[in-house]
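Visitor: Please show me the model, and then take me through its fold and its packing.

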Amino acid sequence: MATAKKPSESRAGKFAETRKIRNLTEELSREEYSLGMPLLDAAVAGVILGFKPSDREMRTQARRCWEILKPQLNQHLLSEDETVLPWAQDAGGIPAEVMNRIKKNHREIRAMIGKLVGVSFEDDPDKVVSVAGKALCALAVKLDDLIDSEEMRLLPTLRKMLFA
């Protein structure tokens with residue numbers, strides 16, 4: 001009776017890594033989809049606060065949106081930068097110029113996040129909230145553009161690499 005061959009350790013490791021990346025790309029896609037309304041609400045609150053920082057309702061909306069976006073952004077960027085992009089780069093499925101553009105976009109997002117860290121939309125003076133509101137709006141717009149780009153270009157490329 002013939003015994004079934006077991007995959008080599010390296011092949012098993014590659015399958016496990018591929019499965020991990022596949023699960024992560026599906027999770028990233030779901031996260032991006034769930035950010036739609038918080039991004040719209042953040043953009044609206046941010047633009048209003050940029051011109052009328054005394055608006056209490058918009059301060060509350062901005063705080064709520066930032067509380068939703070901040071942990072998701074941190075996790076999303078960490079997942080992409082620490083796991084997905086290095087895997088894709090090693091696999092050679094994404095051209096260097098595309099990888100550089102993605103990394104540049106992530107640096108820009110982090111810079112925008114840096115302008116919001118430590119800001120209290122509820123308690124800070126109007127001048128601080130005005131600047132933070134503009135930063136929140138810019139972040140929401142940049143994220144929306146980045147999500148569209150990833151959904152149209154990056155995720156389909158990663159899926160092709162995973163299922164090839």
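The questions below go from the whole chain to single residues.

Guide: This is a predicted model in which local features need pLDDT of at least 70 and side-chain atom pairs count only at pLDDT 80 or more, while totals for chains, interfaces and linings use all residues. Residues are numbered from 1 along each chain as its sequence is written, and side-chain values use heavy atoms, with hydrogens and water left out.

Visitor: What pattern does the protein chain follow along the sequence?

Guide: Helices (H or I, at least four residues) and strands (E, at least two) are DSSP runs, numbered from the N terminus. The protein chain has 5 helices and 0 strands. Read along the sequence, the pattern is α-α-α-α-α.

Visitor: Which helix gives the most residues to the largest nonpolar core?

Guide: A nonpolar core is a set of buried Ala, Val, Leu, Ile, Met, Phe, Trp, Tyr and Cys residues joined through side-chain atoms within 4.5 Å; buried means under 20% relative accessible area, with a 1.4 Å probe and protein chains only. The largest such core has 28 residues, of which Trp 66, Leu 116, Phe 121 and Leu 139 touch the most other members. Two or more residues come from each of helix H2 (36-51), helix H3 (56-91), helix H4 (96-116) and helix H5 (126-163). The helix that gives the most, with 10 residues, is H5.

Visitor: How are H4 and H5 oriented, roughly parallel or roughly antiparallel?

Guide: Axes are lines fitted to C-alpha atoms, for helices over the stretch in contact (heavy atoms within 4.5 Å), and angles run from 0 to 180 degrees between N-to-C directions. H4 and H5 pack at an angle of about 155 degrees, with their axes 9 Å apart. Angles over 145 degrees count as roughly antiparallel, so H4 and H5 are roughly antiparallel.

Visitor: Which residues does Leu 116 touch, not counting residues up to four places away in sequence?

Guide: Leu 116 is one of the H4 residues that make the contact with H5, where the partners include Ala 132 and Leu 139. Its full list is Trp 66, Phe 121, Ala 132, Ala 135, Leu 136 and Leu 139.

Visitor: Is Ala 140 buried or exposed?

Guide: Ala 140 has its place in helix H5. Leaving aside neighbours within four places in sequence, Ala 140 is in contact with Leu 39, Ala 42 and Ala 43. The C-alpha atoms of Ala 140 and Gly 46, 94 residues apart along the chain, are separated by 8.7 Å. With a relative accessible area of 2%, Ala 140 is buried.

Conventions. Buried means under 20% relative accessible area, exposed over 50%, partly exposed in between (1.4 Å probe, protein chains only). Angles under 35 degrees count as roughly parallel, over 145 as roughly antiparallel, 65 to 115 as roughly perpendicular and the rest as oblique.
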